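Biologist: Could you take me through one part of this model closely, the helix that carries a paired aromatic ring and lines the main pocket? I'd like to know what surrounds it, too.

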Amino acid sequence: MGWGKRYPEEQMVARHALLSTAESVSLALSSFVGWLLTVSGASFTLLVANLDKIVPYVHLRSFKWALAWFAMSMLLGLLSRWLGSMVAGALAATSALEDQVRARDFPDSFNFLAFTKLFSIGLLPIYRCLAWRGYSLALCGNTISGIKPITYQSQTQALLTLGQLSLLFIAVVVLTHGVKV
């Protein structure tokens, strides 16, 4: 007998806590990453636009490396934003489903297999597989595993944001290291 069947109330509280954490972290990170992308993009655009005025003071090689680090930082930022939108969508779907369950007391005749089939038709293949995996785990009484992808994506978004900040810092250090004395 699994943990979910032995402790159903604890499982629901843990599920709610995981979803709430993913929602608040993802929302805050998406906003932060958006501002970070905007400010760093504008800063480096100004540097590139004024390259002829900067080259006498900064080695061109350092400037090229700084742009490379900056480009990688932007890529991580875009991936973080993409994951943030995926987490927001998954949280909205989960919230809508939980609202439906609370609004109605589903009769025993409700067919969750049919629901999963109908719902998964509208998903891309990778998410369809995740939905079916979540359904099969829920049948065994484990509803926490069904939300793991959401929480993992939220945590990955946080790591990507940290990577973006690190790469931006490296770009600034490389740029300042290349200043001609």
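Modeller: Happy to; here is a walk along helix α4 and its surroundings. This is a predicted model, in which local features need pLDDT of at least 70, side-chain atom pairs count only at pLDDT 80 or more, and totals for chains, interfaces and linings use all residues. Residues are numbered from 1 along each chain as its sequence is written, and side-chain values use heavy atoms, with hydrogens and water left out.

On confidence, the average pLDDT (the predictor's confidence in each residue, from 0 to 100) is 83, and 94% of the residues score at least 70. Helix α1 (residues 3-6) has the lowest mean, 67, while helix α7 (residues 148-177) has the highest, 91. Helices here are DSSP runs of H or I with at least four residues, numbered from the N terminus.

Now to the rings. Searching the whole structure turns up one aromatic pair, meaning rings of Phe, Tyr or Trp (its six-membered ring) with centres within 6.5 Å; planes under 30 degrees apart count as stacked, over 60 as edge-to-face and the rest as tilted. The partners are F44 and F70, stacked at 4.1 Å centre to centre with 15 degrees between the planes. Because F44 sits in helix α2 (residues 8-49) and F70 in helix α4 (residues 60-103), the pair ties together parts 26 residues apart in sequence. Both F44 and F70 are buried, that is, under 20% relative accessible area, where over 50% is exposed and in between is partly exposed (1.4 Å probe, protein chains only).

Two other residues of α4 are worth a look. W69 belongs to this helix and is partly exposed, with a relative accessible area of 24%. S80 is also in α4, but is buried at 0%. The S80 side chain makes a polar contact with the side chain of T161, at 2.9 Å; such a contact is a pair of N or O atoms within 3.5 Å, and within protein one must be able to donate a hydrogen and the other to accept it, with residues adjacent in sequence counting only if both atoms are side-chain atoms.

Finally, the pocket. Its lining has 33 residues, with R15, T94, L97, F115 and G146 nearest the centre of this largest pocket. Helix α4 gives the most to that lining, nine residues. Helices α2, α5 (112-120), α6 (125-139) and α7 are among those that each supply at least two. A pocket here is an open set of points on a 1 Å grid over the protein atoms alone where a 1.4 Å probe fits, with protein on both sides within 12 Å along at least five of seven lines; lining residues have an atom within 4 Å of a point.
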